[in-house]
Amino acid sequence: MSDRRDKTVTHSPLPPLQPLTPIECPRCGESNPSWRAKCQRCDLWLPRPDDSPPPIPDRIKRPGYITGWALFFGFYILLSASLFASDSAAAATFSPVDLLLLIGTGVLTLAAVLVIAGVWRLEPWARVPAIVIHVVLIALVVANMVTSPLPDTPGTASGDGTLSSDAFAQQADVCGNVFWILLNGAFIAWFATHKDTFRSRR
Ligand SMILES: [Zn+2]
């Protein structure tokens, strides 16, 4: 008696059978047993379970500002790249260095577009490259500010104290650059602190 009971305990139970779900005929609606290949009423080939496409993943919950960011920087980068390309193509002298710069710009643009697409889909891998893009954009502006010649001592250009139009343009430029640096800095801060947003899918 006890011997038998021990046996039933030591035997590992069989894995539970998968429930055989009936296959509904797509034409006549007949509910067919799962082993049937054709509908038992209308003889239509029945869809096999593995014929059905994989389930559509849940829609990504994408914050609106991500969409805005992706659109803005996508257009910005494509626009800058095409402006640079048309500028160097229009240059009178087209040196091998220009060609290399052009190819480099193309590759970087492609990479940036891929990263932006990755961020748009909230891919976790895209977060750090997105930060890199913003660091590069800041570095480009800073490099431009450092290398571009400053106007000869502002204020002395015109004796009456009003700024010359050149100096005014220069100041507007500086304001724009500072705004641009702050904007990119804000995005860097956002990407650095929103790691979780890029994992919300799983
Ligand atoms: Zn049928």
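**Exercise 1. State how many helices and strands make up the secondary structure of the protein, and in which order the elements run.**

Solution. In this predicted model, the secondary structure amounts to 5 helices and 2 strands. Read from the N terminus, the order of the elements is α-β-β-α-α-α-α.

**Exercise 2. Determine how α2 and α3 are oriented with respect to each other, and describe the contact by class of residue.**

Solution. Begin with the geometry: α2 and helix α3, which covers residues 96–120, pack at an angle of about 170°, and their axes lie 10 Å apart. Because angles over 145 degrees count as roughly antiparallel, α2 is roughly antiparallel to α3. Next, identify the residues that make the contact, which include Ile66, Phe73, Ile77 and Phe84 of α2 together with Leu101, Thr105, Ile116 and Trp120 of α3. Finally, sort the contact of α2 with α3 by class, which gives 15 nonpolar, 4 polar and 1 charged residues.

**Exercise 3. Compare the span of α5 with its expected value, and find which of its residues are buried and what covers them.**

Solution. Helix α5, residues 165–193, has 29 residues and, from its first C-alpha to its last, reaches 42 Å, close to the 42 Å expected at 1.5 Å a residue. The buried residues of this helix are Asn184, Phe187 and Phe191, and their cover includes α2 (64–90) and α4 (127–147). As for the spacing, an α-helix has 3.6 residues a turn, so residues three or four places apart point the same way.

**Exercise 4. Give the share of buried residues in the protein and the share of contacts that join residues at least 24 apart.**

Solution. Of the 202 residues in the protein, 9% are buried. Among contacts between residues at least 6 apart in sequence, 43% join residues at least 24 apart.

Conventions: Residues are numbered from 1 along each chain as its sequence is written. This is a predicted model: local features need pLDDT of at least 70, side-chain atom pairs count only at pLDDT 80 or more; totals for chains, interfaces and linings use all residues. Helices (H or I, at least four residues) and strands (E, at least two) are DSSP runs, numbered from the N terminus. The expected span of a helix is 1.5 Å times one less than its number of residues. A residue is buried if 20 or more other C-beta atoms lie within 10 Å of its own, exposed if 12 or fewer, and partly exposed in between; C-beta atoms are placed from the backbone. Two residues are in contact if their C-beta atoms, placed from the backbone, lie within 7 Å. Axes are lines fitted to C-alpha atoms, for helices over the stretch in contact, and angles run from 0 to 180 degrees between N-to-C directions. Angles under 35 degrees count as roughly parallel, over 145 as roughly antiparallel, 65 to 115 as roughly perpendicular and the rest as oblique. Ala, Val, Leu, Ile, Met, Phe, Trp, Tyr, Cys and Pro count as nonpolar, Asp, Glu, Lys and Arg as charged, and the others, Gly among them, as polar.
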